[in-house]
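Colleague: Before I use this model, I would like to go through the labels attached to it. Please tell me what each one rests on.

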Amino acid sequence: PTEPASEPTIFERIIAREIPADILLENERLIAIRDIAPQAPVHLLVIPKTAQHRTVAELAAADPELLTELVATAQRLADEYADGDFRLVFNSGAGAGQTVFHVHAHVLAGSLAEGSLA
Ligand code: 5GP
């Protein structure tokens with residue numbers, strides 16, 4: 001049988017420049033891109049480069065410093081691309097809507113006070 005979990009995810013292919021993306025920020029550990037299907041006026045993704053962690057809980061357990069850096073990066077992006085206010089969303093598991101099993105944070109910003117998340 002095939003093992004889908006071992007195949008590169010879309011984010012690994014973006015990190016490897018095999019697929020184009022609007023890259024806003026990148027360092028040795030993280031990359032930030034615009035979501036291809038925005039659910040808010042500003043919808044960015046902050047993605048650890050390592051493909052080791054599928055969910056935020058796995059990342060938190062294995063590398064809390066990287067999770068902390070991810071949160072700080074989300075704030076920096078919200079400062080730069082919005083007014084500094086943002087929602088940070090991690091879908092964990094298919095039942096919660098996770099479709100890419102390489103941990104990533106959704107940074108949602110812009111005129112969200114009256115709305116609910118899709
Ligand atoms: P999830 O549902 O796993 O939490 O979020 C995956 C996100 O990745 C979705 O919001 C989806 O729009 C985004 N996405 C999927 N494929 C691509 C792509 O090729 N490029 C970009 N920039 N975003 C993508």
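Colleague: How many helices and strands does the protein have, and what makes a run of residues count as one or the other?

Modeller: This is a predicted model, and it has three helices and five strands. A DSSP run of H or I counts as a helix from four residues up, and a run of E as a strand from two. Along the sequence the order is α-β-β-β-α-α-β-β.

Colleague: Why is the protein said to agree with a compact globule?

Modeller: For 118 residues the globule rule gives a radius of gyration near 13 Å, and the protein has 14 Å, so the two agree. Along the principal axes, the C-alpha atoms fill a box of roughly 45 × 30 × 30 Å. Buried residues account for 26% of the 118. Of the contacts between residues at least 6 apart in sequence, 57% join residues at least 24 apart.

Colleague: How do you know that β1 and β2 pair?

Modeller: Pairing requires at least two DSSP bridges. Three bridges join β1 to β2 (residues 30-34), so the requirement is met, and the strands run antiparallel. L25 has A32 in β2 as its bridge partner. With three residues between them, β1 and β2 form a hairpin.

Colleague: Why is R17 called exposed?

Modeller: A residue is exposed if 12 or fewer other C-beta atoms lie within 10 Å of its own. R17 has 9 such neighbours, so R17 counts as exposed. R17 sits in the loop between α1 (10-15) and β1 (23-26).

Colleague: What makes the phi of R17 worth a remark?

Modeller: Most residues other than glycine have a negative phi. R17 is not a glycine, yet its phi is positive, near 65°.

Colleague: Is S111 buried or exposed, and what is its phi?

Modeller: S111 has 12 other C-beta atoms within 10 Å, and the limit is 12 or fewer, so S111 is exposed. Its phi is about 55°, positive although S111 is not a glycine. S111 lies in the segment after β5 (105-109).

Colleague: What makes a residue part of the shell around the ligand, and how many belong to it?

Modeller: The C-beta atom, placed from the backbone, has to lie within 6 Å of the ligand. On that basis 13 residues surround the ligand, and the closest are I36, A37, N91, T99 and V100. By class, the shell has seven nonpolar, four polar and two charged residues.

Technical notes: Residues are numbered from 1 along each chain as its sequence is written. This is a predicted model: local features need pLDDT of at least 70, side-chain atom pairs count only at pLDDT 80 or more; totals for chains, interfaces and linings use all residues. Ala, Val, Leu, Ile, Met, Phe, Trp, Tyr, Cys and Pro count as nonpolar, Asp, Glu, Lys and Arg as charged, and the others, Gly among them, as polar. A residue is buried if 20 or more other C-beta atoms lie within 10 Å of its own, exposed if 12 or fewer, and partly exposed in between; C-beta atoms are placed from the backbone. The radius of gyration is taken over C-alpha atoms; the globule rule is 2.2 Å times the number of residues to the power 0.38. Two residues are in contact if their C-beta atoms, placed from the backbone, lie within 7 Å.
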